[in-house]
Amino acid sequence: MLRPFEIHEPGTVEEASVLLAQFGFDAAIYAGGTELLLIMKEGLAHFPHLVNIKTIPGLDEIALSTEGDELQIGPLATHWELERSPTVKKHAPLFAEVESQVANTRVRAMGTIGGNLCFAEPHSDPATLLLAWGATLELSSADAQRQLPAADFTLGMFETARQPDEILTRIRLPLLSENTAGAYRKFSTHERPMATVAALLEVKDGMIEHARLAVGSVGPVPIRASEAEGLLRGQGAEEAAFSTAGELAASASDPIDDLHGSAEYKRHLVRVLTTQALEQAAKRAVGAVNEG
Ligand SMILES: Cc1cc2nc3c(=O)[nH]c(=O)nc-3n(C[C@H](O)[C@H](O)[C@H](O)COP(=O)(O)OP(=O)(O)OC[C@H]3O[C@@H](n4cnc5c(N)ncnc54)[C@H](O)[C@@H]3O)c2cc1C
């Protein structure tokens, strides 16, 4: 049963931050509520003060930066909006593709990208993708603003680098170069994914110039598979050792036994999903170059 709480409706990020500082651990930011209200209903947490950030204008905006080099996503954009946004589809189609696979229709309609990242539930599709992508997160408080690489944001299970008075105000996604393509693979038996893999390959003259590979949902935080990335650099995109990269990513991942599956099974999934994601990313990158 939900215990009584007071809802605050700030009109600006500064007001929201002041409320968070004032109420400390008694307050929580309320966005879509799909995680927050669930844990409060189950009695796992109680916050006498909820700071509803949906009353702050502009936090749901999705736009290209004025320089045209990055996609700027407001934290209140829902999964549903991100999946359908013409701007996202045009400038970051892989992101729209991944968003369309998050949760079920009901959760996608209410749940926000900001809530997903800030809750830091380990089985997250966007957290894995944003790590591979090299996204930056903007955190704002009443008197300061800082930019944090996605890689430094998630610290552990349900734990982030966000300070109690900070609000995630923007997600910055650099646009991929013309000869970069990506692919995403996930496997689920429950509602949330058991293993997630994002791969981005930059291909020039048929050779892999850069590889970015992230593995998530198998352990507490998503990780970069750096050894696999290094192996692929300089290899021909059409005959690269993708299955060896899959092996390396599986060894680098730090899976845990849980209700979703055993660590060994998850390691096997990482091997398979990584190989598949890399093969598809290479096909897309070579296709893009040929079309271009
Ligand atoms: C049944 C179910 C299935 C799901 N399946 C998937 C899945 O397949 N893949 C996947 O990736 N996710 C999945 N999820 C997670 C889902 O994506 C999140 O529940 C949703 O995005 C959370 O957003 P929200 O706006 O509802 O967050 P809320 O519940 O409002 O907030 C969540 C947390 O984030 C904090 N917060 C919210 N916004 C901000 C902000 N801007 N700044 C700072 N802190 C903030 C809140 O204080 C709270 O602690 C699933 C969830 C459910 C319930």
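## The second largest pocket

Start with the residues that line the second largest pocket: 7 are nonpolar, 4 are polar and 4 are charged. Keep in mind as you look around that this is a predicted model.

That lining is made of 15 residues, and the ones nearest the pocket's centre are H91, P93, L94, L176 and T180. Three elements each give two or more residues to the lining: the helices α4 (86–91) and α5 (93–99), plus the strand β11 (180–187). As for volume, the second largest pocket comes to about 310 Å³.

## Around the ligand

Now over to the ligand. It has 31 residues around it, and I29, G32, T34, T112 and D125 come nearest. Sorted by class, this shell holds 14 nonpolar residues, 11 polar ones and 6 charged ones.

Some backbone atoms sit within reach of the ligand's oxygens. For I29, a backbone N or O atom is 2.6 Å from a ligand oxygen. A polar backbone atom of A103 lies 3.0 Å from an oxygen atom of the ligand, and for E191 the distance from a polar backbone atom to a ligand oxygen is 3.4 Å. How much of the ligand does the protein cover? On its own the ligand has 970 Å² of accessible area, and the protein covers 95% of that.

Which elements give two or more residues to this shell? They are α7 (113–119), α8 (125–133) and β10 (167–174). Of these, α7 gives the most, with 5 residues.

## A cavity inside

There's also enclosed space to look for. Rolling a probe the size of a water molecule over the atoms shows where empty space is left. Searching the whole structure turns up 1 cavity of 30 Å³ or more, and the largest cavity holds about 80 Å³ of space.

Its lining counts 14 residues, with E121, S124, A127, T154 and P222 nearest the centre. The helices α7 and α8 are the elements that give two or more residues to this lining, and both of them also give two or more residues to the shell around the ligand. By class, the cavity lining has 7 nonpolar residues, 6 polar ones and 1 charged one.

Where do those lining residues come from in terms of domains? Domain 2 (62–174) and domain 3 (184–285) each supply at least three residues to the lining of the largest cavity.

Notes. Residues are numbered from 1 along each chain as its sequence is written. This is a predicted model: local features need pLDDT of at least 70, side-chain atom pairs count only at pLDDT 80 or more; totals for chains, interfaces and linings use all residues. Side-chain values use heavy atoms; hydrogens and water are left out. A residue is near a molecule or strand if one of its heavy atoms lies within 4 Å of it. A polar contact is a pair of N or O atoms within 3.5 Å; within protein, one must be able to donate a hydrogen and the other to accept it, and residues adjacent in sequence count only if both atoms are side-chain atoms. Accessible areas come from the Shrake-Rupley method with a 1.4 Å probe; for residues, only the protein chains shown count as cover. Helices (H or I, at least four residues) and strands (E, at least two) are DSSP runs, numbered from the N terminus. Ala, Val, Leu, Ile, Met, Phe, Trp, Tyr, Cys and Pro count as nonpolar, Asp, Glu, Lys and Arg as charged, and the others, Gly among them, as polar. On a 1 Å grid over the protein atoms alone, a cavity is a set of points where a 1.4 Å probe fits but cannot get out, and a pocket is an open set with protein on both sides within 12 Å along at least five of seven lines; lining residues have an atom within 4 Å of a point. Grid points are joined across faces, edges and corners, and a volume is the space filled by probe spheres set on the points. Domain bounds come from an automatic or database domain assignment.
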